[in-house]
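Student: Please take a close look at the aromatic rings. I want the geometry of the pairs and the setting of the side chains.

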Amino acid sequence: RTSSNTLRDVITALQQGNLQRSSQLLVRPKNDKEATKATLQLHKGINISSSDDSNEKVITIFSRGYARNDYNPLRSMPRIGGGLFAAYTYIRNSVINFPASVITFDYPDHRRFFNFAQAPDQAIIKKVYNDVVDQILPAVDTEANNAKTNNAKDPRIVFAGDCRGALNILRFVGENNPKFVDTLVLECPFVSAKKMTDRMAEISLPFWFPNYKSLCQDPKELLSSIKDKNIFIGHRQDDLLISADAMATIVSTLSKNNKVYFWVVDKDEDNTASHSAITNAPSFQKAVNAFYKEVNLPHDEELALSGSKLLDVALINSDTDVWKYLHA
């Protein structure tokens, strides 16, 4: 069974609770390449996969940022369907590439429940990861084993997300070291909500977000616990919410035990937003696809070739001055 294939119709159906168990969504890339007809599977989250999923050995779990809008499905990220909205944007901008299976979901973002990736958010992403491992990975693994003669690769899980969603990824990976995850793609992440909001944390958070607890794990302790991963971090120059200080701490700490690539979108290239929302930037698309090629994940070959030199610049070494990226 199939239902309407526009993003607006699919999200509207999801909000109204009548999205078909199996639906079609036409993903139209911005680079004028042929549109991809994706299959949506609704099951404790939304699974977006290309139509021919027999060779899909990469599973991307997408963790979205904050959604302020309750109902409008396209003007800004909606609270119900926001994960699909954001994942669609990543796919359209070639920041996530087929063949892959993309698992996305929504967080409860009303101020009484929003918690900056603390226990409630952690419970959600842990449940999604466990469901993928228990229900989806075995089926993909079986297909891989059956196709060994065709040089099939073992399945891999990638975490991708932005802002609060990226923080939830960092916290989950740092505290749980999930077995099947070796690659993270993070857009404008932060680690400390208190540092990010400063005065808001001390004055406004207890009122607006009563579920937020101001005492949380030291950021460096959390980041130091993440090891042996391939990590790509994209950031917006002069980001309004994530300070250069905070980002420098994230990048430099992660680079001690991981292979980290850090790309900053210059404000002259894209000034359409004050925080995050950098997937439209051509340099980001090129750099992240070069990263995917480097770690043997699905990628856009043209963008990857164009971004190879950008990736060389983005590689963080132990003696790299991260500040030069933030104030280029």
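**Aromatic pairs and their setting**

Tutor: Start with Tyr107, which is buried (under 20% relative accessible area with a 1.4 Å probe, protein chains only; exposed is over 50%, partly exposed in between), at a relative accessible area of 3%. This is a predicted model, where local features need pLDDT of at least 70, side-chain atom pairs need 80 or more, and totals use all residues. Residues count from 1 along each chain, and side-chain values use heavy atoms, without hydrogens or water.

Phe105 is buried too, with a relative accessible area of 7%. Now the rings. The structure holds nine aromatic pairs (ring centres within 6.5 Å, with the six-membered ring for Trp; planes under 30 degrees apart are stacked, over 60 edge-to-face, the rest tilted). Phe105 and Tyr107 make up one of them, and this pair is edge-to-face. Their centres are 5.2 Å apart, and the planes meet at 70 degrees.

Next comes the pair of Tyr261 and Phe291, again edge-to-face. Here the centres are 5.5 Å apart, with 65 degrees between the planes. Where do the two rings of this pair sit in the secondary structure? Tyr261 lies in strand β9, residues 259-265. Phe291 lies in helix α10, residues 282-294. The pair therefore ties together parts that are 30 residues apart in sequence. Helices (H or I, at least four residues) and strands (E, at least two) are DSSP runs numbered from the N terminus.

Both of these side chains have little accessible area. Tyr261 counts as buried at 4% relative accessibility. Phe291 counts as buried at 0%. They also have company: Tyr261 and Phe291 belong to one aromatic cluster, together with Phe232, Phe284 and Tyr292.

Helix α2 offers another set of covered aromatic residues. The helix spans residues 82-92, and 10 of its 11 residues are buried. Among the buried ones are Phe85, Tyr88 and Tyr90. Gly82, Gly83, Leu84, Ala86, Ala87, Thr89 and Ile91 are also on that buried list. Just after α2, the backbone has a feature to check: Ser94 takes a positive phi of about 60 degrees.

Set this against the whole chain. The protein has 328 residues, and 53% of them count as buried. Its secondary structure comes to 13 helices and nine strands. Strand β9 and helix α10 are the two elements joined by the pair of Tyr261 and Phe291.
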